[in-house]
Amino acid sequence: FPSHDTPAKPPMKTAAEALQHLLSQAKSVTELEWLPTQEALGRVLAEDVLSLVDVPPMNNTQMDGYAVRSADIQEVGQSFEVSQRIPAGHVGVELKPGTIARIFTGATIPLGADAVVMQEACVANGDQIVIQEIPKAGQWIRLQGEDLRANQVALSKGTYLRAQELGVAASAGHAKLPVLRKIKVAAFFTGDELTLPGEPLKPGAIYNSNRDTLLACIRALGCEATDLGIVPDTLDATKAALRKASENHDLIITSGGVSVGEEDHIKPAVTAEGRLDMWQIAIKPGKPLAFGAVRKQSAPNSEAWFMGLPGNPVSSFVTFLLFVRPFIAKLQGRSTISTPSMMMRSDFDWPLADRRNEFLRVRINAEGGLDLFPNQSSGVLTSAAWADGLVDNPPNQIIKKGDLVKYMPFSGMI
């Protein structure tokens, strides 16, 4: 007799297994463009950038004060004549023995001087300056090249350019930087119950929060985001949206429609237009995730990556941070992809362990510990707005006040 047993479900992937597979598929873009340094914020360096000069280019003072020969000052209270005045941007003459030079922050140290005495340690006495401390050679002097040497790598290939990196590039003499092109991401959202904010809310409908959340996350990562709006819950509409999204985009992101209900059309649509894996990931929130690719109609041998996120607002947000963000970082060519984390003290109890890897919304409190948002439901998006990070809680793990837990700050992810 034939067996009527239900086929066993494949085991759920761990978060680490899912991420490892995603990153093994992603390849960095290679197209390079040169941008003015001031316009390169949020881009990724395509090449190493070498310093064009020593930084600083000369020995200069860290303080307003007096440039001195340290050997001339043997005891506190000695008086000296001021032989010259050196503002920033000017170069003095060699300092005569037995004299000192008035000098201002950033100015070049004159030949012969080997220390600076800050003005707070000096007292004027007529035409003389009384030195009230015995300086050490090198005191308050920034040495030529102590930050960077000419031809030293100032910024490495794969660096994500923040404000401070742009400052380094400028100090190294670069007016333009070689960067990789932006990743282009298209997003659309499925569900007949979805309504755009500003429109009347029909019976049974909800406002679409995932659209604003995910598009903002995409743009925060330095990508170009194309909003394809809400797609009707039909197979034909979903296939048409995928075909449109695949053109001129590197990645397609959807929210909703990745479950197994009769109205969930993502699986058959992506399968028809490309290839798809449907995963159950052992995490909470955010269990379902779809990953695959969609053929480009204009270039049959080319594909746009596809990632389908769950529809619940917190699930969608958390799965974006855990999986989409590092995948995009790999596409961007970033050298650092991993999510930053640190061990911190729990100031809450979590007595009910779950068999899945939980990601709890928490916030750092004034005592340096972590507080827990009271409602951890995947539909409560205010938990993510209240929080400043997640606790990565392993499967079957309870948490007691005082325990050290793995904290992942949002600031390191978006």
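Among contacts in the chain between residues at least 6 apart in sequence, what share joins residues at least 24 apart? The share is 69%, where a contact means heavy atoms within 4.5 Å. The structure is a predicted model, in which local features need pLDDT of at least 70 and side-chain atom pairs count only at pLDDT 80 or more, while totals for chains, interfaces and linings use all residues. Residues are numbered from 1 along each chain as its sequence is written, and side-chain values use heavy atoms, with hydrogens and water left out.

On the overall build, the chain holds 7 helices and 26 strands; helices (H or I, at least four residues) and strands (E, at least two) are DSSP runs, numbered from the N terminus. The chain is more spread out than a compact globule, because its radius of gyration is 30 Å, well over the 22 Å that the globule rule gives for 414 residues. That radius is taken over C-alpha atoms, and the globule rule is 2.2 Å times the number of residues to the power 0.38. Laid along its principal axes, the C-alpha trace spans about 110 × 55 × 50 Å.

As for the surface, 47% of the 414 residues are buried. Here buried means under 20% relative accessible area, exposed means over 50%, and partly exposed is in between (1.4 Å probe, protein chains only). About 20,500 Å² of the chain is exposed, and carbon and sulfur atoms supply 53% of that area; accessible areas come from the Shrake-Rupley method with a 1.4 Å probe, and for residues only the protein chains shown count as cover. The chain carries 40 positive and 45 negative charges, and their mean positions sit 5 Å apart. In that tally Lys and Arg are positive and Asp and Glu negative, with His and the chain ends not counted; each charge is placed at NZ of Lys, CZ of Arg, CG of Asp or CD of Glu.

Strand 17 is a good place to look inside. This strand takes in residues 251-255, and 5 of its 5 residues are buried. Cover is found on both faces: Leu251, Ile253 and Ser255 are buried on one side, and Ile252 and Thr254 on the other. Strand 17 also has strands alongside, counting two strands as paired if DSSP finds at least two bridges between them. Strand 13 (residues 184-190) runs parallel to strand 17 and is joined to it by 5 bridges, with Val185 partnering Leu251. Strand 21 (residues 299-309) is likewise parallel to strand 17, again over 5 bridges, and there Leu309 stands opposite Ser255.

Further along, strand 22 (residues 342-346) also pairs with two strands. It runs antiparallel to strand 26 (residues 404-409), with 4 bridges between them, and Met343 faces Lys406 across that pairing. With strand 24 (residues 369-372), strand 22 pairs in the parallel sense over 2 bridges; the bridge partner of Arg345 in strand 24 is Gly369.

Then come the backbone oddities. Most residues other than glycine have a negative phi, and most peptide bonds are trans. Val55 and Pro56 are joined by a cis peptide bond, with omega about -10°, and Pro56 belongs to the loop between strand 2 (49-50) and strand 3 (60-61). Another cis bond links Lys284 to Pro285, this one with omega about 0°; Pro285 sits in the loop between strand 19 (283-284) and strand 20 (288-296). Lys284 also turns up in a long-range pair: its C-alpha atom is 11 Å from that of Thr14, although 270 residues separate the two along the chain. Thr14 lies in the segment before helix 1 (15-25) and counts as partly exposed because its relative accessibility is 36%.

Two asparagines have positive phi values. Asn151, with phi about 75°, is in the loop between strand 10 (141-142) and strand 11 (153-155), and its relative accessible area of 60% makes it exposed. Asn248 has a phi near 65° and is placed in the loop between helix 4 (235-246) and strand 17; at 62% relative accessibility, Asn248 is exposed too.

Finally, Pro203 is in the loop between strand 14 (194-195) and strand 15 (206-207), and it counts as exposed because its relative accessibility is 85%. Pro203 and Ser171 are 32 residues apart in sequence, yet their C-alpha atoms are 59 Å apart in space.
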